[in-house]
Structure formats: C-alpha cells, structure tokens
Amino acid sequence: MEQQLDMLVDKVVAELQKKLTEMARQTGHPKEQKHDEAAAHETAGEEQPVVAEEPVRTAQVPNPKWQEGLVELLDSTPARIGVWRTGVRPLTKTMLQLRRDHAAAVDAVYGEVSQPLLDEFSLFTVETQYDNTENYLKRPDMGRILNDEGVRLLQERCQKRPQVQIVVSDGLSASAVDANLRDVLPSLMDSLKSYGLTCGTPFFVKGGRVASMDHIGELLQPEVLVLLIGERPGLVTAHSMSAYMCYRPRKGMVESERTVISNIHRQGTSPIEAGAHIGTILSKMLEQKASGVKLVL
C-alpha cells in the first residue's frame, strides 16, 4: 500500500508539471513554467517513470556547500532532510508526501485489523474495556483490562499455564499488524520449535495497551508472554510493530520488568528476523527466570 501511494504521488506531480509547462507555452509567459516547481531541482521538465521499487532518497538542495555531509545525513536517518522549497513553501511533492504520511498515520490509529488475516492464523478476538477509539486514546487505563466477555472467552478457549503465550493486539496501529504479522508470527513459531518450547493458544486483543499482558498473565498464568502490538504511528512509517515480553506477567508489574523489540517493519527491524530473535529472548527468559533489566542477553 505504501509503495502504491508513492507511485500515486509521483504520478500526480508529473502530471502537474506537464500541465504547468503546457500552460506556460500557451500564455507565452516563461515564468509560469517555474512558478510551482523549479524544474531543474524536481523533475527536470520530464515525467518520471512510475516504478514499484523503493525510491532513492536524494537532497533537493541546489549546489549544497557540503555535499558529502548532506548525503551522510540522508543515509543516517529517514527524516525529511534537504527537501528544499519553492519560494517560501515546500515543494509540491514534499507536501503531497507529508499529507500522505499523515493520512496513513490517522488511518493506522482509526483502522481495524483485517479479519481474514486473523482467520488465517486462527486468532479469535477478545476486547478490552476501551469501548471506542476516542475513549481508547483518552483513557489508556481502559485498554489494560479485558472486558467480562473477553475474560470468559480466555477461560473457555485458552490453554492454562502454557510455557509461552502469544498475544497480538492492534494497539495504536492496526496497519502494523496487517503489514507484519504474516512474517513475524510464522518466524516466531519456527524459532520456538527450534528451542523445543511449547506455545499456548494465541489470540487477538482489540483495543489493547501494553499492560493488558498483565491482566492476561493473571488469567492464564504463562511462564512467559509476548505481546505483538502496533506502535504509535509517525510520519516516517505507520506500520511499526513492537514485541513486549515478560516472565510470569502479573498485575502491578513495572515497565522495567518488560523486554521489548521495537521498530519492527520493512524499513526497520526485519519482521522475519524479529520473529526469530523473539524466540531466542523467550528461551533466555525461561532459562534465567527473568525479564526486563534483570535479563542478561
């Protein structure tokens, strides 16, 4: 989806450049050709080919005084650097990309995880007491406790006292689950199998916060629990997932008792590698009977 949006932005900018060029020729005012975008710095007056590959990031700053330093900055961070401007405003392409990324972040928060994806992994759904998205954002505490129906479902359908309990939650980004689960979960299951570890009954928590793992721990009493949850989306990516792990989760746990792998997405920590590494960490938790700051990795 993100690649398709990139292609759409490139296509819109190319069409806009072409129309501006035609208008300039018809009116006979060369300045109109340069009014919206400096042709030498954005598309050089030519339509760029639409491709599905990841675009190469280049600075738009004309004649930078320190070219090597600017390239080094671009290589070190996905932040918007060297985007340049047209007059007092950013380039049209920059603004379109910014609005696209902001829209993707909003969709991640207000969207829902694909039901066919959950069915693919046989994940049944339980809900917290969050009630609705607006309430979820304003009352984080209500996303930490399962509702009565969720408690009943866990007691009826889940294995009690499993060695490893896997939980998936939308958190603040349903898009993160859609984008990464197909890679993370199979890789994690293979990793657990390689270490000779057994898994309980995986399920999905709608409207979950990180501390919902504490309530789940009280109900199912697993030795270790891993929560795969969508991270707060930003303007770099709306598809980032985290894996929070804990030894014998229970109510009243402090954050320093949790171990986490963050930034799981295709531009960050590889989802497949993350799944394998999670299995390694869970194995060490069981060996050391510890998690968080007490765990030696």
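In what order do the six strands form the open sheet, and is the pairing mixed or not?

**Figure 1. The six strands form an open sheet with mixed pairing, in the order β1-β3-β2-β4-β5-β6.** The edges are held by β1 (124-127) and β6 (259-264); each has a single partner strand, so one side of each is left without a neighbour in the sheet. From one strand to the next the twist averages 25 degrees. Two strands pair if DSSP finds at least two bridges between them; helices (H or I, at least four residues) and strands (E, at least two) are DSSP runs, numbered from the N terminus. This is a predicted model, in which local features need pLDDT of at least 70 and side-chain atom pairs count only at pLDDT 80 or more, while totals for chains, interfaces and linings use all residues. Residues are numbered from 1 along each chain as its sequence is written, and side-chain values use heavy atoms, with hydrogens and water left out.

**Figure 2. Strands β1 and β3 (residues 203-206) run parallel and are joined by four bridges.** V126 has V205 in β3 as its bridge partner.

**Figure 3. Helices α8 and α9 pack against the sheet.** Helix α8 (residues 174-194) touches β2, β4 (224-230), β5 (241-247) and β6, and its direction makes about 170 degrees with that of β2. Helix α9 (residues 212-220) lies across β2, β3, β4 and β5 and runs at about 145 degrees to β4. Axes are lines fitted to C-alpha atoms, for helices over the stretch in contact (heavy atoms within 4.5 Å); angles run from 0 to 180 degrees between N-to-C directions.

**Figure 4. A salt bridge connects K206 and E112 (3.4 Å, N to O).** The pair links distant parts of the chain, with K206 in strand β3 and E112 in the loop between α4 and α5 (115-120), 94 residues apart. K206 is partly exposed at 22% relative accessible area, whereas E112 is exposed at 58%. Buried means under 20% relative accessible area, exposed over 50%, and partly exposed in between (1.4 Å probe, protein chains only). A salt bridge is a side-chain nitrogen of Lys or Arg within 4 Å of a carboxyl oxygen of Asp or Glu; the structure holds ten.

**Figure 5. R152 and E149 form a salt bridge within helix α7.** The N to O distance is 2.4 Å, and the two residues are three apart, about one turn of the helix. R152 is partly exposed at 34% relative accessibility, as is E149 at 39%.

**Figure 6. R258 forms a salt bridge with E255.** The closest N and O atoms are 3.0 Å apart. R258 is buried, with a relative accessible area of 7%. Elsewhere, R80, R100 and D101 are joined into one network by salt bridges that share partners.

**Figure 7. N63 and R161 have positive phi values although neither is a glycine.** Phi is about 50 degrees for N63 and near 50 degrees for R161. N63 lies in the loop between α2 (30-35) and α3 (67-76) and is exposed at 74%. R161 sits in the loop between α7 (148-157) and β2 (164-169) and is exposed at 60%. P62 is also in the loop between α2 and α3; its C-alpha atom is separated by 8.2 Å from that of W84, 22 residues apart along the chain.
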